[in-house]
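Please open the model in a viewer and keep the selection tool at hand. The tour below proceeds from one selection to the next.

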Amino acid sequence: PAGLSTLLGDQDRQFKCLLLTGSRPARDRCGMSSGPPGRRDASGPAISGRTASWSDVADALDHFADVVVKRPLRSARSLIEDHYFIDEAFRLLGPMVYHPDKARDTHDWFNLVGLVPVILLNLLGCWDRRIFFVATWREVFSDMRALPALWHGRQWIPFAATTIVYFISDSIWVWAVPQCVRSPKTILGHHMVTMAYLSAPVL
């Protein structure tokens with residue numbers, strides 16, 4: 001409303017005046033004193049020829065926050081809301097309560113176990129053991145040309161085969177039980193692209 005702009009505009013000028021002067025007696029110079037001149041009293045500043053109480057200012061600011069701040073925040077869902085309770089003002093209320101889900105939990109355990117051989121074959125079968133030393137990574141970060149020398153790929157075929165078997169198994173699982181993940185289409189798309197990428201050296 002038009003009155004809101006006037007109210008907030010005059011308040012803003014008075015608050016800035018107080019910040020610049022930095023003292024209580026400055027209320028008189030900033031148009032915030034009680035009594036004459038004008039229609040002022042101790043309840044608040046004189047604004048646009050009338051006395052506005054501080055509750056009026058609070059109501060105006062609350063309306064401004066509701067229109068300008070709260071509504072845009074709620075127009076889109078944040079990733080934080082997937083894990084925490086958020087109120088209408090986007091205040092963090094706490095973590096979401098864990099609810100057991102057999103489909104999700106079983107799939108999570110499958111991933112934890114199934115990825116172990118994939119990771120071991122990658123680290124132990126395809127890379128020089130120097131990658132486990134901090135000094136090696138200091139050398140790599142200082143000169144990235146040192147990174148290819150750490151790759152020998154002697155067990156790349158077993159690694160790639162194991163990875164593809166894992167992705168095929170997980171894809172079948174997600175396709176058959178889509179409720180085990182939040183975004184089954186994203187998971188399936190990721191698996192397809194990764195298997196195609198792993199097949200590139202063979203093809």
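**Stop 1: a nonpolar surface patch**

Begin by selecting Leu115, Val116, Ile119, Leu120, Leu123, Leu124, Phe132 and Phe133, which form a nonpolar patch on the surface with about 710 Å² of accessible area together. The model in view is a predicted one. Within this selection, centre on isoleucine 119, a residue of helix α3, which spans residues 102-126. Isoleucine 119 counts as partly exposed because its relative accessibility is 47%, between the limits of 20% and 50%.

**Stop 2: the overall fold**

Next, display the whole chain as a cartoon. The protein has 6 helices and 4 strands. Read from the N terminus on, its elements follow the order α-β-β-α-β-β-α-α-α-α. Colouring by relative accessibility gives a further view: of the 203 residues, 25% count as buried.

**Stop 3: the largest pocket**

Now select Asp82, His83, His99, Arg104 and Arg182. The largest pocket has a volume of about 410 Å³, and these five are the closest to its centre of the 15 residues that line it. What classes of residue make up the lining of the largest pocket? The lining has 6 nonpolar, 3 polar and 6 charged residues.

**Stop 4: the salt bridges**

Side chains of opposite charge can pair when their charged atoms come close. A search of the whole structure finds 3 salt bridges, and each may be selected in turn.

- Keep arginine 104 selected and add aspartate 105: their side chains meet in a salt bridge, at 3.1 Å from N to O. Arginine 104 is one of the residues closest to the centre of the largest pocket. With a relative accessible area of 26%, arginine 104 is partly exposed.
- Move to aspartate 128 and arginine 130, whose side chains meet in a salt bridge at 3.2 Å, N to O. Aspartate 128 counts as partly exposed at 26% relative accessibility, and arginine 130 also counts as partly exposed, at 38%.
- Finish with aspartate 143 and arginine 145, where the side chains form a salt bridge of 3.1 Å, N to O. Is arginine 145 buried or exposed? Arginine 145 is exposed because its relative accessible area is 70%, over the 50% limit. Its partner, aspartate 143, is partly exposed, with a relative accessible area of 30%.

Definitions and conventions: Residues are numbered from 1 along each chain as its sequence is written. This is a predicted model: local features need pLDDT of at least 70, side-chain atom pairs count only at pLDDT 80 or more; totals for chains, interfaces and linings use all residues. Side-chain values use heavy atoms; hydrogens and water are left out. On a 1 Å grid over the protein atoms alone, a cavity is a set of points where a 1.4 Å probe fits but cannot get out, and a pocket is an open set with protein on both sides within 12 Å along at least five of seven lines; lining residues have an atom within 4 Å of a point. Grid points are joined across faces, edges and corners, and a volume is the space filled by probe spheres set on the points. Ala, Val, Leu, Ile, Met, Phe, Trp, Tyr, Cys and Pro count as nonpolar, Asp, Glu, Lys and Arg as charged, and the others, Gly among them, as polar. A salt bridge is a side-chain nitrogen of Lys or Arg within 4 Å of a carboxyl oxygen of Asp or Glu. Buried means under 20% relative accessible area, exposed over 50%, partly exposed in between (1.4 Å probe, protein chains only). Patches are made of residues with over 30% relative accessible area and no salt bridge: like charges are joined within 9 Å, nonpolar side chains (Val, Leu, Ile, Met, Phe, Trp, Tyr) within 5 Å. Accessible areas come from the Shrake-Rupley method with a 1.4 Å probe; for residues, only the protein chains shown count as cover. Helices (H or I, at least four residues) and strands (E, at least two) are DSSP runs, numbered from the N terminus.
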